[in-house]
Amino acid sequence: MTLPKKFYLGDIVRMRKPHPCGSDRWEVLRVGMDIRIRCLGCGHLVLMPRRKFERSVRQVLGGPNRPPEDFPGGSAAGGTTGPAASGGAG
Ligand SMILES: [Zn+2]
């Protein structure tokens, strides 16, 4: 399995080593020469070089800015195609 080489803001990624707080999911806050990520468990911020980040990422779970084309084939069942329900009437 190959990881995408491009990362987007808002991506949720899983790191090889879980954070001491127990969460292994991180949100990408900034992409560039360095990658800034935030632990979804405790909110801890980490800034690391892109190369190190790519090596540390175990899986990309997706994000609001990531095109679905980055996930060819779908093994997960139950895909609903429709506008996200955000509520609000009138
Ligand atoms: Zn944490």
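Strands E2 and E3 pair in the antiparallel sense over 4 bridges. In this predicted model, a hairpin of 3 residues joins E2 to E3. Val 28 stands opposite Ile 37 in E3. Strands of a sheet pair through backbone hydrogen bonds, either parallel or antiparallel.

The chain holds 1 helix and 5 strands. Read from the N terminus, the elements follow the order β-β-β-β-α-β. The 5 strands form an open sheet, ordered E4-E3-E2-E1-E5. Its pairing is antiparallel. E4 and E5 stand at the edges, and each has a single partner strand, so one side of each lacks a neighbour in the sheet. On average, neighbouring strands are turned by 35° against each other, direction ignored.

On one side of the E2–E3 pair, the sheet continues with E4. E3 covers residues 34–39 and is joined to E4 by 5 bridges. These two strands run antiparallel. Ile 35 stands opposite Met 48 in E4. E3 and E4 also form a hairpin, with 5 residues between them. In that turn, Gly 43 has a positive phi of about 85°. E4 spans residues 45–49 and is hardly covered. Among its 5 residues, the count of buried residues is 0.

On the other side, the sheet continues with E1. This strand, residues 12–15, pairs with E2 over 3 bridges in the antiparallel sense. Two residue pairs illustrate the match. Val 13 has Trp 26 as its bridge partner in E2. Ile 12 stands opposite Glu 27, also in E2. E1 pairs with E5 as well, again in the antiparallel sense, over 4 bridges. E5 runs from residue 57 to residue 62. Here the bridge partner of Arg 14 is Gln 59 in E5.

Burial was examined next. Of the 90 residues of the chain, 12% count as buried. In soluble globular proteins, nonpolar side chains tend to be buried together. The largest nonpolar core comprises 9 residues: Phe 7, Val 13, Trp 26, Val 28, Ile 35, Ile 37, Cys 39, Phe 53 and Val 57. The elements giving two or more residues to this core are E2, residues 25–30, and E3. E3 supplies the largest share, with 3 residues. Several core residues also appear in the strand pairings. Val 13 and Trp 26 belong to the core, and the two are bridge partners between E1 and E2. Val 28 and Ile 37 are core members too, and they stand opposite each other across E2 and E3.

Phe 53 is another member of the core. Leaving aside its neighbours within four places in sequence, Phe 53 is in contact with Ile 35 and Met 48. Those two residues stand opposite each other in the pairing of E3 with E4. Ile 35 is part of the core. Met 48 lies in E4, where the count of buried residues is 0.

Contacts between distant parts of the sequence were also counted. Among contacts in the chain with a separation of 6 or more, 39% link residues 24 or more positions apart.

Confidence varies along the chain. The average pLDDT is 82, and 73% of the residues score at least 70. Over residues 74–80, pLDDT stays under 50. For this stretch, the model has 1 contact beyond four places in sequence. Where pLDDT is low, the predicted coordinates should not be read in detail.

Technical notes:
Residues numbered from 1 in each chain as written. Predicted model: local features only at pLDDT ≥ 70, side-chain atom pairs only at ≥ 80, totals over all residues. Buried ≥ 20, exposed ≤ 12 C-beta atoms within 10 Å, placed from the backbone. Pairing = 2+ DSSP bridges. Core = buried A, V, L, I, M, F, W, Y, C linked by C-beta atoms within 7 Å. Contact = placed C-beta atoms within 7 Å. Axes fitted to C-alpha atoms, helices over the stretch in contact; angles between N-to-C directions. pLDDT = per-residue confidence, 0-100.
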